[in-house]
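Hi,

Here is the structure I said I would pass on. Have a look at it first, and my notes follow below.

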There are 2 protein chains.
Amino acid sequence: MSYEKLPLEEFYKTIDELKPKFIERLQKAIAIPSVSSDETLRPKVVEMAHFLVDELTTLGFQDIQLKDLGIQPPPVADANLKLPPIVLARFGQDPKKKNVLVYGHYDVQPALKEDGWATEPFTMFHDKENDILFGRGSTDDKGPVMGWLNVVEAHNKLGWELPVNLVCCFEGMEESGSLGLDELVAKEAQQYFKGVDQVTISDNYWLGTTKPVLTYGLRGCNYYQIIVEGPGADLHSGIFGGIIAEPMTDLVKLMSTLVDNKGKILIDGVSDMVAPLTEKEDQLYDAIDFSVEELNAAAGSKTSLHDNKKDILKHRWRFPSLSLHGIEGAFSGAGAKTVIPAKVVGKFSIRTVPNIVSNTLDKLVIDHVTKEFAKLDSVNKFKVELIHDGAYWVSDPFNESFTAASKATQDVWNVVPDFTREGGSIPITLTFEKELGVDVLLLPMGRGDDGAHSINEKLDVPNYINGCKTLGGYLHYYAKA
Amino acid sequence: MSYEKLPLEEFYKTIDELKPKFIERLQKAIAIPSVSSDETLRPKVVEMAHFLVDELTTLGFQDIQLKDLGIQPPPVADANLKLPPIVLARFGQDPKKKNVLVYGHYDVQPALKEDGWATEPFTMFHDKENDILFGRGSTDDKGPVMGWLNVVEAHNKLGWELPVNLVCCFEGMEESGSLGLDELVAKEAQQYFKGVDQVTISDNYWLGTTKPVLTYGLRGCNYYQIIVEGPGADLHSGIFGGIIAEPMTDLVKLMSTLVDNKGKILIDGVSDMVAPLTEKEDQLYDAIDFSVEELNAAAGSKTSLHDNKKDILKHRWRFPSLSLHGIEGAFSGAGAKTVIPAKVVGKFSIRTVPNIVSNTLDKLVIDHVTKEFAKLDSVNKFKVELIHDGAYWVSDPFNESFTAASKATQDVWNVVPDFTREGGSIPITLTFEKELGVDVLLLPMGRGDDGAHSINEKLDVPNYINGCKTLGGYLHYYAKA
């Protein structure tokens, strides 16, 4: 804990004092079922945007804008369905201060009581015994979004200036592919977002349940499909079984050549591209608060491929993985259907890491599958293609922003945070980095067991309140850096 | 054509004379959309049963009964949905005559103009240029059912007695699993069906489009599933890819060990059970009217596994085949979903032939898959099981019934029919053989390109009219045998 502390005790105390108000703010936000994937709830998503505008206005934010993103592209039931707006707002425009853009999203995943929720998902339940707030969006991402507002409210109450100029970007389609966000960020890069020095996103989670983390890396994802096509239409296996080359047989053989069941990628050249593990990096994993047991609990099974923490973390964060997701066009229902599928599409993806070059990976994959198909000497038609890619992201965990966040975390939680990466991707991270040309910090508020996309989503009150302190403290340390 | 002809010219002529009336009868039958799989159309299925009762009554059938089969078991939308009745009727009860049970079904597959029909599926269209009757049920199976009624009408017009006692069994659920039929046949074996000497079914098709066939064999089908189960719920491949044993990886490996892409079953011991091919049987295939081109046309592709007629027919009729149908529980939609499926169920089936013993086959399959799973050294849970089996059927193509049908065919078509088998199963064949303990003859009316379950289902007028002659002629030759 060797860092120069800033005098933030008053601020942290004020956050504590405002706790009931902050919980009420989150409760109001959760009460609006802003489910972006449900077209019938689109008015509620828009209502949530207006709720934010009202809160921002009350708190004294300026230049508040609802950015219209136009009509939602197909597939949609309502061809005239409008995308929810992106909410932009500023607090402060002092040219002597740094400009920090904070991103969050105000839409949520679907939730129905019948899915197995213990309480109504859109009526926040405060479990006072355990001090937990339950409700859809509590941790993903309404808690963190309210967090930034709460930071401003505490400053207002204290009569303090914010140490930086805050630029807010809150979107309403994050749970539905962030439609329209990339274009907006690109368009506003030299307009609303001009001069931004740093982007900070609070939309991921601690690795476990007890130790705060700062996240400096994400794996990418290249998603491929193998198409094998034979007959002109699905055929009956009684009439055609044994006399026609079946696309499924080819496809299953091809899919079986991609990865072994210990997780080893069988495509030549992929592992050669992975950045070598240095001793320094290897040591990084020693401190991380994680265990095989936590993995087992999260997976709901004891089917880990590795028997120790370090190997698990390395394989989640810094090694590639290949998953077979499924097959489109084959029989997928319950029961027994005697079909020979005419055209089958096998789906798989590779999680990418430094220093895998995306285009090179595509070539290796396509060459491998093409070679394996040639071995089959099949009469069926065949194609393998990339259908989606997203780059990996790695930041410098020792830059000004991470250092500031680390100090604030130590102030609040009295512990040095773990510096973590994540196995999944958060595409907006790359969008902001690329379009604004600045560093991005992932500063999570919730715990690893919050159940962001599951039933009984929750945010622990200590995480909410200490999270607000950390967000605010971070702005102060970053301003001084 | 060395057989003693019976004096049936008058009968055949009368059928020709009645052609307009017979076409009208089929038109009325097609106009009733008796789709058994569509609960909302169940009243139409029942209406079709009553249409049959009216026709049978008018023609002088006796002891007409609508057999109530009770409530349709789940899954159904309407828990009180009644199964359509089975229509039973007799024509003649002369103890000196043989008793022939004829089976047909009065329900049809679904059909909508929007599916791509050139004309309204439930409004029969008589293409006079090509002399074809289009409409749902024309060939499957309303044409053949009307055929038996037409045979009686022609006899009535001539003032002839039927040469046999005819027992009709017409069901209304054939296209939906023949629910209730097995029980009814078992129950009536010693009641309504007592004394039946022979069962004749006209509910399959010529192999091709020009040569009549009699069908003496069907393959069976043993349907299996392999279940691989790992995590407690579907997982995100970003977070868990590379650190959890993925059930899909195991399943795809297992499925890849079952059959090669030339159609060879890779399970030890299966081919050893197949009856050896004798020279006599081998020669049987020489005469059959079929070609690789016909297979290509039917499959809509040039992906045949064999380059000559005989190998195709043998592999369709007398060799087993293994088809991979699909995977339940994996991602099966369009697009890119980054899921690690928690539990996947691979479906495959083996078409069985003489002398495969069903239980022995099950053991070979289960042992094979179990052994392959053991090789994987997987931490996932695993199970392989039979979920459905249906036996193969082979009759003696030289028995009295087949011989009679062959003679009638020669009378009418002036050609010796091909003796064929089929690759698929017709479970009712086995039901009647087993429950009544008599031989079954499959005597098809329509052509191989009639499109029984497809759009633009049709029955050529020559097939309908000559089919009626053949059905009637068969009864006469069989009576004399």
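To start with a small one: in which loop of chain A is Asp377(A) found? Asp377(A) lies in the loop between α11 (358-376) and β14 (381-390) of chain A. I picked Asp377(A) out since, although not a glycine, this residue has a positive phi of about 55°. Keep in mind throughout that this is a predicted model.

There are also cis peptide bonds to look at. In chain A, one joins Pro74(A) and Pro75(A), with omega at about 0°. Pro75(A) sits in the loop between β1 (62-67) and β2 (86-91) of chain A. In chain B, the bond from Pro354(B) to Asn355(B) is cis, with omega near 0°, and Asn355(B) belongs to the loop between β13 (343-352) and α11 (358-376) of chain B. As background, most residues other than glycine have a negative phi, and most peptide bonds are trans.

Now the two chains together. Chain B contributes 75 residues to the contact and chain A 75 residues. About 5,500 Å² is buried between chain B and chain A, with 56% of that coming from carbon and sulfur atoms. On the chain B side, Ile243(B), Asn261(B) and Thr303(B) lose the most area to chain A, and together they make up 12% of what that side buries.

As for polar links, two salt bridges are counted between chain B and chain A. One salt bridge brings together the side chains of Asp377(B) and Lys262(A), at 3.9 Å from N to O. There are also 49 residue pairs in polar contact between the chains, both residues at pLDDT 80 or more. Strand β11 (residues 321-328) of chain B gives the most to the side that touches chain A, with eight residues. By type, that side of chain B splits into 33 nonpolar, 30 polar and 12 charged residues.

On symmetry, chain B superposes on chain A by a rotation of 180° with 0.2 Å of shift along the axis, at an RMSD of 0.2 Å. The two copies are therefore related as by a two-fold rotation axis. Within chain B, Val252(B) has the C-alpha nearest the axis, 3.0 Å from it. Both copies use the same surface, as 100% of the contact residues of chain B recur in chain A.

Last, the domains: chain A is divided into domain 1 (9-217 + 393-480) and domain 2 (220-275 + 318-390). The centres of domain 1 and domain 2 of chain A, taken over C-alpha atoms, are 38 Å apart.

Cheers

Conventions:
Residues numbered from 1 in each chain as written. Chains lettered and ligands numbered in written order. Predicted model: local features only at pLDDT ≥ 70, side-chain atom pairs only at ≥ 80, totals over all residues. Heavy atoms only, no water. Contact = heavy atoms within 4.5 Å. Buried area = accessible area lost by both parts, 1.4 Å probe. Salt bridge = Lys/Arg side-chain N within 4 Å of Asp/Glu carboxyl O. Polar contact = N/O pair within 3.5 Å; in protein donor to acceptor, adjacent residues only side chain to side chain. Helix = DSSP H or I, 4+ residues; strand = E, 2+ residues; numbered from the N terminus. Nonpolar A, V, L, I, M, F, W, Y, C, P; charged D, E, K, R; others polar. Least-squares fit on C-alpha atoms with pLDDT ≥ 70 in both. Domains from an automatic or database assignment.
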